[in-house]
Structure formats: structure tokens, C-alpha cells
Amino acid sequence: MAREFQGKIELDVRDSVADWDAFLPSKPPAGAPNVLVVLYDDTGMAAWSPYGGRINMPTMDRLAENGLTYTQWHTTALCSPTRSTFLTGRNHHLNGFATISESSTGFPGYNSHIPPTNATMANVLRDAGWSTFWVGKNHNVPIDEWTAGASKKNWPLAQGYDRFYGFIGGETNNWFPSLAEDNHYIDQPYLPEDGYHLSKDLADQALKMIRDVKQTEPEKPWYLWFCPGANHAPHHAPQEYIDKYKGKFDDGYEAYRDWVIERMKEKGILPEDTANTPFNPMPEDAYTPTDAVRPWDSLTDPEKAMFSRMAEVYAGFSEYTDAQVGRIIDYLDESGQLDNTLVIYCADNGASGEGSPNGSVNEGKVFGGYPDDEQQNLSMVDELGSPNTYGHYPTGWAAAFSTPYKMFKRYTFQGGVADPLVIHWPAGITAKGEVRHQYHHSTDIVPTILEACGVTFPDTYNGIEQTPLSGVSMVPSYDATPDGPTTKETQYYEMLGSRAIWHKGWKAVAVHGPTSGMSRFDEDVWELYHTDVDRSEAHDLAAEHPEKLKELKALWMEEAKANNVLPLNDLQIFGNPKDFETFVSMEFHQPAPPSGQFVYYPGTTEVPERSAANVHGVSYKIAAEVEFTPETEGVIFAHGSRFGGHALVVKDGQIHYVYNFLGIPPEDHVSGPAPTSGRHIIGVDFIKEGVGEYREGKGPVSLYIDDQKVDEKQIRTVLGHFSLCGEGLTIGRDSADPVSSLYGYGFDFTGGEIAKVVFDIADDAYIDLEAHLAAAMARD
């Protein structure tokens with residue numbers, strides 16, 4: 001009810017007075033703006049053209065020329081955490097998002113469940129009269145709620161959004177995405193050969209939602225959170241956009257860093273005296289080797305060509321997505337909505353270093369805990385950006401696109417937390433084409449939007465007392481001078497063990513890499529920077545100002561205790577099997593029933609990997625009960641993609657169990673003749689007899705038809721995951737990118753009937769992950 005009923009109720013309706021306004025939604029303030037937030041992934045400040053970078057962003061340039069470009073806006077250094085601050089306006093640990101949803105652990109700051117004390121801005125705006133839409137990446141559904149049968153209280157519709165269209169999790173294949181609409185998973189509307197790309201699809205959906213509102217409630221304002229898959233891996237783009245950048249990065253990432261800093265100074269992004277910082281600025285024992293940068297002059301010519309192509313693909317991906325945002329901006333302009341639309345165009349963390357020093361054509365190997373094969377990478381250079389690759393550039397480009405700062409995504413040096421931000425709102429901002437140097441953070445976005453909309457965040461919501469907003473409004477900066485004072489005083493940082501704090505122009509940073517496995521947090525060396533005069537954190541003043549450093553370290557601990565930051569977690573999950581196993585023991589996985597059996601049926605929704613039967617690093621049995629005819633063909637079950645997975649398939653009169661080990665050819669097959677009539681049990685039995693160098697499972701897999709073994713082969717199986725997210729388990733079809741080269745998209749089961757498919761891990765049954773790992777490791 002918008003307000004209490006003020007009519008009159010008598011026995012007879014003829015004597016009564018109605019009061020419709022008591023039941024109608026609240027109306028927004030007169031002249032309230034629409035709000036469009038465009039939130040890219042994994043983009044350093046030096047990548048894009050408004051900041052002097054080589055990647056052309058015509059739409060963002062257009063908005064910057066008529067709006068404000070911020071030079072000291074910051075994020076949390078990682079996807080889910082930053083996005084949680086956009087949702088609620090609270091610090092990421094207060095939201096339970098210390099890290100990404102996929103790596104949640106059972107601690108208050110780390111569990112990926114936003115508490116009811118942190119109501120979302122979308123709920124508040126919707127109650128105040130806005131239509132609310134979320135299109136694209138959703139990295140804030142808790143990992144235990146990804147399944148069709150799970151609660152949807154943390155999905156977008158329950159978080160205040162009228163509509164949702166996008167994907168759940170950290171990333172998805174841009175050619176074959178794992179899509180969801182509102183509260184359920186869906187198939188992509190058409191295929192790449194018909195022109196499909198995720199960025200285009202998302203823009204189509206966003207336009208549809210806005211138009212739907214405007215044709216029925218033309219005066220009603222809307223809030224759209226537009227979150228493309230770009231620029232997160234996998235880097236996928238139409239060939240014509242990749243080709244735009246041919247040769248543009250051939251000078252290498254060190255030369256780019258020297259070139260772009262001068263452009264950034266010319267555009268007023270950086271003060272003239274800003275110093276560049278070196279690659280690999282940390283002691284070797286303070287960060288993981290996979291975050292190191294190889295000197296450009298140490299590369300072979302084929303490596304240089306491959307690394308350059310990886311940057312070209314990334315650039316094409318970024319510009320193509322900007323063109324899709326441009327379609328939205330063009331529509332708003334043509335329909336007369338642009339002037340009174342508050343547009344916030346930004347990125348959620350620094351450029352990504354997850355591609356390792358050598359880059360990758362299949363980033364999925366990272367999630368499988370397995371090293372890349374440079375020769376395989378080199379053989380696929382011409383296919384980068386296409387559906388045949390799941391690519392990521394090397395750390396050198398992450399450092400270059402984060403110029404002039406140290407490091408990149410995940411680090412609390414500026415390279416991880418300093419990000420591009422342009423704000424455009426002609427009806428509310430008189431300045432055009434100016435920069436703003438005020439220090440701000442992603443927690444400031446919610447207060448900024450609320451002030452611009454004339455809406456106050458409530459002290460209580462649904463009867464629950466609310467945690468105060470962590471940020472401050474940026475609206476005072478709109479009419480300030482470029483170097484005017486900021487309204488912010490303090491911001492702590494913590495990401496995967498990397499720590500820092502900024503307070504009134506000074507910043508202290510612990511020399512402790514994320515996921516470094518160092519532990520010993522109380523022994524860390526801290527550096528001190530006066531960021532008001534040293535934007536790039538090039539000059540450590542710790543020795544000159546020990547009392548200031550002591551003050552900031554104490555302030556960091558106060559903030560940590562107030563924001564649920566502890567316990568610190570720097571487990572080195574890549575390259576350190578012991579830490580990897582410790583981490584896996586803490587992350588969520590669907591506990592197995594006492595029987596160790598999971599039963600799946602056809603005609604059901606894809607089961608996300610973290611909630612499906614866990615066949616990683618263990619022995620397992622699979623039994624499919626199938627009615628055969630002479631025409632039987634198709635997928636019995638599939639889990640994963642061409643970049644890693646397994647499937648049971650009937651093709652050309654043969655039954656094949658395929659294990660695709662992280663996309664590394666050849667696929668492993670065990671096969672036998674398919675029955676032509678009657679109901680049969682098709683069985684798969686993998687016995688883990690040992691582990692390889694990277695703890696991949698090794699042993700024989702056998703294919704059975706009823707009680708008859710028809711084939712056997714030695715295979716290796718993935719310890720970690722087939723993918724970060726998406727590409728779940730499906731029965732009777734393959735939901736997206738095919739696991740095997742045996743078949744194409746979908747390959748639905750026909751000419752027979754699947755009764756059920758049973759996954760049995762009873763020999764490695766676990767009630768919780770600790771027991772699961774103990775059983776798995778007992779074989780080694």
C-alpha cells in the first residue's frame with residue numbers, strides 16, 4: 001500500500017467512497033531521471049580511448065565529451081565484490097562478497113549471501129516508482145542457489161528488479177552463453193552462424209525492456225543495470241572488429257605502457273609529474289609466479305605475434321560491445337530520453353592477469369588446475385576470438401592496460417582498484433567534457449544515484465534495521481572544479497589476502513600478493529604513498545613517515561573488524577596442490593546423499609556444476625536406463641563444453657562415452673554398438689588408480705551395455721572444474737557449446753526414451769567436502 005486508505009467504507013457501496021491512491025504504486029519526484037549503469041568487466045584505466053588508450057570506444061567518447069570523466073574512481077579489485085557494492089551501497093565484506101560467488105566460504109564476510117540488513121538500491125527505487133531491469137552478468141547469486149530447485153530469494157527479481165536477462169556466474173561463452181531469464185534458465189535465441197553474439201543479444205533485450213515501459217507508462221522512469229560479458233574472458237568478437245586492430249599492438253606491452261602514459265597526461269587524466277611504475281614491482285616471494293610479466297624482448301617472434309593477436313581480440317571485443325551500448329544510447333537520444341538519463345559508464349576492476357605470463361586459448365585450464373600448453377596456443381593464433389577458443393591475453397597486457405599503476409585485477413595497488421568512469425546527465429550536470437580528480441569508490445555509486453533521483457535510503461526496510469550506506473554521494477563533484485575536495489575520507493581494501501587503506505590522501509599497502517599462499521599476515525611489510533601527489537604509488541614513504549604508516553595500519557584493522565573482513569584468505573589455488581585442496585574443502589558443493597547416488601531425468605533444467613554430482617578427482621560410476629530403437633540417436637547426458645567435459649552419446653549406431661580433458665586433443669572415447677531395441681542399462685565406470693603431476697585423476701574407464709563390458713581405456717580426469725560457471729549437466733541434450741566434436745549444438749536425444757541417469761560416487765561418498773577429499777586422497 002502506498003499510504004493508508006483514506007476513503008469511506010459503509011455497509012452499502014453506494015454510501016462508500018473509494019480511494020485508489022492508497023493502492024497504487026508511489027510516484028517518483030517530478031522530473032526524476034532514468035538511470036543507465038553500464039558496467040564492464042576487467043578493464044584497466046589505460047585501455048580505453050577516453051583515457052588515452054588505443055581501444056576505440058566511440059560511445060564512451062561521446063558520453064565523455066558531454067559529461068565528466070573521473071580519474072580517481074576505485075573498485076574492490078574483483079567482479080562479484082564490486083558488483084555487490086553497486087547492489088547495496090555497502091562495502092563488499094558487509095555484503096558477504098569478499099570474493100567471487102564461486103569461491104565462497106562459510107564466514108560472514110565470505111558466504112555470498114547479502115544479508116537482509118543490506119537492502120538493495122533496486123528495491124528502494126522500485127518502491128519509489130522506477131521500473132528496474134538487470135541485463136547481462138549476474139555474479140551475485142550465491143553459489144548454493146544456482147540450481148532450478150534452489151531458493152530464488154537472491155536472484156534479481158527478489159532483489160528488486162522487475163526483469164532479468166543474462167547469465168549467472170563470473171563469465172560465459174559469448175558465442176554459446178549459459179542464459180537465464182527472470183527466475184529460470186533458457187537457451188540462446190539463435191546461433192553464431194546466424195549472427196549471434198552475447199553483447200548484441202543483451203542490447204536487444206535491454207532495448208525491448210525500455211520500450212515496453214515507455215509504450216505503456218511513458219512518464220515512468222526506469223533504472224537499467226547493463227552488465228555485458230566484456231571484457232572478461234573468454235575474449236570473443238566478430239572478426240571484422242578484431243581485424244580493426246591488426247598490428248596495433250605489435251610494439252608490445254612495454255612500449256604501450258610508455259606510449260599511453262603520455263596520452264593520459266595530455267588528456268588531463270594524470271598529473272604531468274606522474275611516474276610510470278615497472279612491471280613485476282613486487283619481490284618474487286611476495287606474489288604468485290603466474291602473475292609475473294615476461295619481458296617483451298625475451299619472447300620469440302611467434303610468441304610476440306600470438307600475444308599481439310590476443311590484445312587485438314580483446315580490443316575488438318571491447319569496441320564491439322561499446323557499439324552495442326551505442327545502440328541503446330542512440331535510441332535514448334532519438335526518443336528524447338537521453339538528456340534526463342543519468343548514464344554511468346564504468347568497469348568493475350583492473351585488467352585481468354588471470355591469463356598467466358603466456359596467455360591462453362582455453363582459460364578453463366585455470367579452473368581445472370592444469371597448466372597451459374604454449375604449443376597448442378601457438379597453433380590456434382588464427383582462431384583467437386572465434387568459437388574454437390576460450391582465450392585470455394597474458395599478464396603483460398593486463399599490466400599495460402593498467403598503466404601507470406602497479407599490478408592489475410585482484411591486487412590492492414592502484415592497478416587492481418583504479419578504474420574508468422564516465423558520468424553523463426545533461427539535465428543534471430552543466431559541465432561538459434571535463435575531468436574530475438576527486439577520490440571516490442564503487443560504494444559511492446548507490447548514494448550518487450539516490451541523490452540524483454531524489455530518493456532517500458530508508459533506515460528500516462521490510463521491518464529490518466538497515467546497515468548504513470558505506471559510501472558518499474558524488475553529486476557534489478558535478479559542479480566542483482576538477483581538483484576540488486572530495487567528500488570521501490576513508491576506504492579500506494582487501495582482496496584474497498592483498499590489503500590496503502586510503503585515508504585523506506594517504507594510502508598504505510601490504511606487500512602481499514593475492515592468492516600467494518604466503519600466510520604470515522602479521523609479518524607483512526607495508527608501503528606508504530601520498531597519493532595526492534603520487535598518483536601511481538611510485539614513491540614509498542614508509543621510512544620517512546613511520547607514524548603515518550602505523551596510524552593507517554591501525555585504521556585498516558579497525559575497518560576490517562567493522563566490515564567482516566577477517567579471516568584473511570590468500571590460499572594459492574593455482575600451482576599449490578595443498579592450498580588448492582584446502583580451498584576446495586571450504587567451498588560449497590552439493591553434499592551427496594548417503595547412497596552416494598544422484599539421479600537425473602530428461603526434460604529438466606541444466607544442473608550447475610557446483611551442484612551436480614562431483615566427478616572431479618574421484619572414482620565414479622554412471623548408469624543410464626535407456627529404451628532403444630533402430631533410430632536412437634543423440635546425447636544421453638552432457639556436462640561441460642569443447643573446452644572440457646564429458647558426455648554419453650549415441651551416434652551412427654554406436655554408443656560413445658567421451659571424456660574431453662580441458663579441450664586438449666585428442667578426446668578420449670570408449671565405444672560399443674548401440675542396442676537396436678528394448679530397455680538397457682548403459683554403464684560407465686571410472687576407477688581412479690592414481691594422480692598425475694597436477695593431481696589430475698588417472699585410471700581406466702570402462703563402457704558397459706547391461707552387464708557386458710564393451711570397451712576400456714586409460715584416461716585422465718580433471719581435479720578442479722570444467723568451467724568457472726555455466727556449462728552444467730544436462731540430460732537428453734547438450735545445452736550449449738558441445739562437449740565433443742562428435743556432434744553439433746544440442747544434438748537432442750531422439751528415437752528412444754531416457755528413463756533416468758544415475759551418477760554413483762558411493763566409493764568416494766562424502767557428507768561434506770572434507771570427508772570427500774579424505775576419501776579421494778586415500779587412494780594416492
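**Close-up views of a predicted model**

**View 1. An exposed tryptophan sits in the segment ahead of the first strand.** Trp20 comes out as exposed, at 63% relative accessible area. Its place is in the segment before β1, the strand spanning 34–40. Along with Phe23 and Leu24, Trp20 makes a nonpolar surface patch of about 370 Å². As in every view here, what you see is a predicted model.

**View 2. Domain 1 meets domain 3.** The domain assignment splits the protein chain into domain 1 (34–479), domain 2 (493–586) and domain 3 (597–760). Take the C-alpha centres of domain 1 and domain 3 and you get a separation of 35 Å. On the domain 1 side 32 residues take part in the contact, and on the domain 3 side 29 residues do. About 2,500 Å² is buried between domain 1 and domain 3, with 63% of that area coming from carbon and sulfur atoms. How many salt bridges cross this interface of domain 1 and domain 3? The rule finds 1. Zoom in on Asp187 and Arg733 as well: their side chains meet in a salt bridge, with N to O at 3.2 Å.

**View 3. Two cis peptide bonds, each with a residue in a loop.** As a reminder, most peptide bonds are trans. Ala230 and Asn231 are joined by a cis one, with omega at about -5°. Asn231 belongs to the loop that runs between β7 (222–227) and α5 (239–243). Leu566 and Pro567 are also joined in cis, with omega at about 5°. Look for Pro567 in the loop between α13 (546–562) and α14 (577–586).

**View 4. Positive phi at Asp42 and Met407.** Most residues other than glycine have a negative phi. Asp42, not a glycine, has phi near 45°. This residue lies in the loop between β1 and α1 (58–65). Is Asp42 buried or exposed? Asp42 has a relative accessible area of 1%, so it counts as buried. Met407 is not a glycine either, yet its phi is positive at about 60°. Its home is the loop between α10 (395–400) and α11 (414–417). With 5% relative accessibility, Met407 is buried as well.

**View 5. Helix α2 under cover.** Helix α2 takes in residues 79–88, and 10 of its 10 residues are buried. Among them are Cys79, Arg83, Phe86 and Leu87. Just past the end of α2 comes Gly89, which has a positive phi of about 80°.

**View 6. A salt bridge between two helices.** By the rule used here, the count of salt bridges comes to 37. One of the pairs to zoom in on is Asp204 with Arg327, whose side chains come to 2.5 Å, N to O. Why does this pair tie together parts that are 123 residues apart in sequence? Because Asp204 lies in helix α4 (residues 198–216), while Arg327 lies in helix α7 (residues 301–334). Asp204 is partly exposed at 23% relative accessibility, and Arg327 is partly exposed too, at 29%.

**View 7. Lys409 and Glu354 link two loops.** Lys409 and Glu354 form a salt bridge whose closest N and O atoms are 3.3 Å apart. Lys409 lies in the loop between α10 and α11, and Glu354 in the loop between β8 (341–347) and α8 (364–367), so the pair connects parts that are 55 residues apart in sequence. Lys409 is buried, with 1% relative accessible area, whereas Glu354 is partly exposed, at 22%.

**View 8. A buried pair and a network.** The closest N and O atoms of the salt bridge between Lys488 and Asp444 are 2.9 Å apart. This pair links distant parts of the chain, 44 residues apart. Lys488 is in the loop between β13 (464–465) and β14 (490–495), and Asp444 in the loop between β11 (440–441) and α12 (445–453). Are Lys488 and Asp444 buried or exposed? Lys488 is buried, and Asp444 is as well. Elsewhere, salt bridges with shared partners bring Asp41, Arg83, Lys137 and Asp348 into one network. Arg83 is also among the buried residues of α2.

Conventions:
Residues numbered from 1 in each chain as written. Predicted model: local features only at pLDDT ≥ 70, side-chain atom pairs only at ≥ 80, totals over all residues. Heavy atoms only, no water. Patch = residues over 30% accessible without salt bridge, like charges linked within 9 Å, V, L, I, M, F, W, Y side chains within 5 Å. Areas by Shrake-Rupley, 256 points an atom, 1.4 Å probe, with all protein chains shown as cover. Salt bridge = Lys/Arg side-chain N within 4 Å of Asp/Glu carboxyl O. Helix = DSSP H or I, 4+ residues; strand = E, 2+ residues; numbered from the N terminus. Buried < 20%, exposed > 50% of the residue type's maximum accessible area, 1.4 Å probe, protein only. Domains from an automatic or database assignment. Contact = heavy atoms within 4.5 Å. Buried area = accessible area lost by both parts, 1.4 Å probe.
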